[in-house]
Amino acid sequence: MSNEQYDDAILNSNAIDPTDKDGNPIPVTIPIMLAPGITVVYTTRLGGASEGDFAHFNLGGKTGDNPEHVLANRMALAATLGAKISLVSQVHSGNAVDVDEAFVLNRPFGFDVSGTKADTARTVDDTAGEPAVIEADGQVTSQKNVALGMFAADCLPVLMADPEAGVIGAAHCGRRGLQQGVIGATIGAMAAKGAKPERIVATLGPCICGDCYEVGGDIADEFDAQFPGTFTLSRFGQPGIDIAAAALQELAKAGVPADNIVSSRPRVNAATQYLSEDEELAMLCQSDGEGEPQLSERFRNIRRSLCTLENPLWFSHRRAALAGKRHEGRMLALIVRE
């Protein structure tokens with residue numbers, strides 16, 4: 001693969017200082033141009049302040065990580081994006097919300113109604129004016145420089161935009177959310193702001209692949225009945241499901257043309273190869289206990305760079321569980337309109 005496919009937007013933690021002039025961590029992110037002026041960004045485990053099972057760039061605030069580390073990571077991400085981040089409380093539902101109806105800068109990094117634990121980093125002094133937690137698995141906005149973020153550690157983020165209408169959306173698609181129609185609900189919320197499904201462009205982010213996502217026979221049969229052809233036999237020998245394939249069916253059902261689906265894989269493949277000898281990633285593999293300690297061995301076992309279980313760039317709940325861990329971090333998949 002030619003080096004011409006790489007650019008400075010993928011930060012190499014071997015080549016830069018791990019912190020900025022103020023001592024904040026510099027995250028390693030993977031950007032994808034979804035449409036002119038609209039960018040999707042995937043965070044990795046690299047370039048953050050978190051430690052232990054959350055190392056290093058954990059952005060989830062409900063997992064038990066040190067709140068100061070989570071805040072530092074989120075602020076560093078906002079600085080990298082040059083945008084304010086919008087976070088909601090994800091509950092594996094089919095609900096989508098228009099965050100413009102409640103948006104306020106209540107945190108140093110943006111708008112947070114996700115229910116982050118032990119959160120003292122408020123910019124709203126009057127707690128009576130603090131916006132309530134919003135439970136949803138889809139969010140939309142027509143604001144510029146607001147990055148809609150979806151937490152993930154195996155579930156599928158789907159990022160969408162109607163460039164003509166100036167509307168973007170993000171959906172968190174776990175098994176239950178897909179079954180409850182979260183993609184259709186998010187597209188419906190976009191349409192209420194002027195988007196048209198036939199103009200929407202979308203991309204599917206990192207998630208656990210069908211070969212790795214074992215769920216048991218009854219669940220797999222039920223899921224396949226709703227999304228035909230998504231039943232798999234996992235590499236662990238048990239029935240599984242392909243949530244990415246189900247998401248493509250839901251996008252088509254909602255009226256998004258197949259030609260409007262932009263693949264994230266080429267960009268993620270390039271970033272994965274680019275970081276194949278990264279010192280921080282090598283250190284994480286040596287210490288995380290989630291597989292082969294040598295980075296080269298981890299990479300040798302990657303069949304799909306977007307699979308959160310296979311690729312050590314991503315956090316994975318299933319990989320952590322297989323390693324006997326009680327905790328793991330969360331990545332964010334974000335979409336922002338300049």
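**View 1. Aspartate 98 stands opposite valine 140 in strand 6.** This is a predicted model. Strand 4 and strand 6 (residues 138-141) run parallel and are joined by 3 bridges. Strands of a sheet pair through backbone hydrogen bonds, either parallel or antiparallel.

**View 2. An open sheet is built from 5 strands.** The strand order is 4-6-9-8-10, and the pairing is mixed. Strand 4 (96-98) and strand 10 (201-204) stand at the edges. Each has a single partner strand, so one side of each is left without a neighbour in the sheet. On average, neighbouring strands of this sheet are turned by 15° against each other, direction ignored.

**View 3. Helix 3 and helix 5 lie across strands of the sheet with the order 4-6-9-8-10.** Helix 3 spans residues 182-191. It lies across strand 4, strand 6, strand 8 (156-162) and strand 9 (167-173). Its direction is at about 165° to strand 9. Helix 5 spans residues 243-253. Helix 5 lies across strand 8, strand 9 and strand 10. It runs at about 25° to strand 8.

**View 4. Another open sheet has 6 strands, in the order 1-2-13-7-3-5.** Its pairing is mixed. The edge strands are strand 1 and strand 5 (110-113), and each pairs on one side only. Neighbouring strands here are turned by 20° against each other on average, direction ignored. Helix 1 (residues 67-81) packs on this sheet. It touches strand 1, strand 2, strand 3 (84-88), strand 5, strand 7 and strand 13. The direction of helix 1 makes about 130° with that of strand 3. Helix 6 also packs on the sheet, touching strand 1 and strand 2. The direction of helix 6 makes about 160° with that of strand 1.

**View 5. Strand 13 (residues 331-337) is largely enclosed by the rest of the structure.** Why is it described as enclosed? Because 7 of its 7 residues are buried. Met331, Ala333, Ile335 and Arg337 point one way from the strand. Leu332, Leu334 and Val336 point the other way. Residues pointing either way are buried.

**View 6. Strand 13 pairs with strand 2 and with strand 7.** Strand 2 (residues 38-43) pairs with strand 13 in the antiparallel sense, over 5 bridges. Threonine 39 stands opposite valine 336 in strand 13. The bridge partner of tyrosine 42 is alanine 333. Strand 7 (residues 146-152) also runs antiparallel to strand 13, and 5 bridges join the two. Here glycine 149 has leucine 334 as its bridge partner.

**View 7. Helix 6 (residues 265-274) holds proline 266.** Is proline 266 buried or partly exposed? Proline 266 is partly exposed, because its relative accessible area is 48%. Leucine 306 is 40 residues away from it in sequence. In space the two are 9.9 Å apart, C-alpha to C-alpha. Other residues of helix 6 are buried: Arg267, Val268, Ala270, Ala271 and Thr272. Their cover includes strand 1 (29-35), strand 2 and helix 8 (295-300).

**View 8. The structure holds 2 aromatic pairs.** Phenylalanine 103 and phenylalanine 111 form a tilted pair. Their centres are 5.1 Å apart, with 45° between the planes. Phenylalanine 111 counts as buried, because its relative accessibility is 0%. The rings of phenylalanine 223 and phenylalanine 227 have their centres 4.8 Å apart. Their planes are at 50°, so this pair is tilted too. Both phenylalanine 223 and phenylalanine 227 are buried.

**View 9. The largest nonpolar core has 45 residues.** Which of them touch the most other members? They are Tyr42 and Ile335. Another core, of 34 residues, lies apart from it. Its residues include Ile183, Ile200, Leu204 and Leu251. In soluble globular proteins, nonpolar side chains tend to be buried together.

**View 10. The protein chain has 9 helices and 13 strands.** Of its 338 residues, 55% count as buried. The accessible surface comes to about 13,900 Å². Carbon and sulfur atoms hold 48% of that surface. Among contacts with a separation of 6 or more, 66% come from residues 24 or more positions apart.

Definitions and conventions:
Residues are numbered from 1 along each chain as its sequence is written. This is a predicted model: local features need pLDDT of at least 70, side-chain atom pairs count only at pLDDT 80 or more; totals for chains, interfaces and linings use all residues. Side-chain values use heavy atoms; hydrogens and water are left out. Rings of Phe, Tyr and Trp (its six-membered ring) pair if their centres lie within 6.5 Å; planes under 30 degrees apart count as stacked, over 60 as edge-to-face and the rest as tilted. Buried means under 20% relative accessible area, exposed over 50%, partly exposed in between (1.4 Å probe, protein chains only). Two strands pair if DSSP finds at least two bridges between them. Helices (H or I, at least four residues) and strands (E, at least two) are DSSP runs, numbered from the N terminus. Axes are lines fitted to C-alpha atoms, for helices over the stretch in contact, and angles run from 0 to 180 degrees between N-to-C directions. Contact means heavy atoms within 4.5 Å. A nonpolar core is a set of buried Ala, Val, Leu, Ile, Met, Phe, Trp, Tyr and Cys residues joined through side-chain atoms within 4.5 Å. Accessible areas come from the Shrake-Rupley method with a 1.4 Å probe; for residues, only the protein chains shown count as cover.
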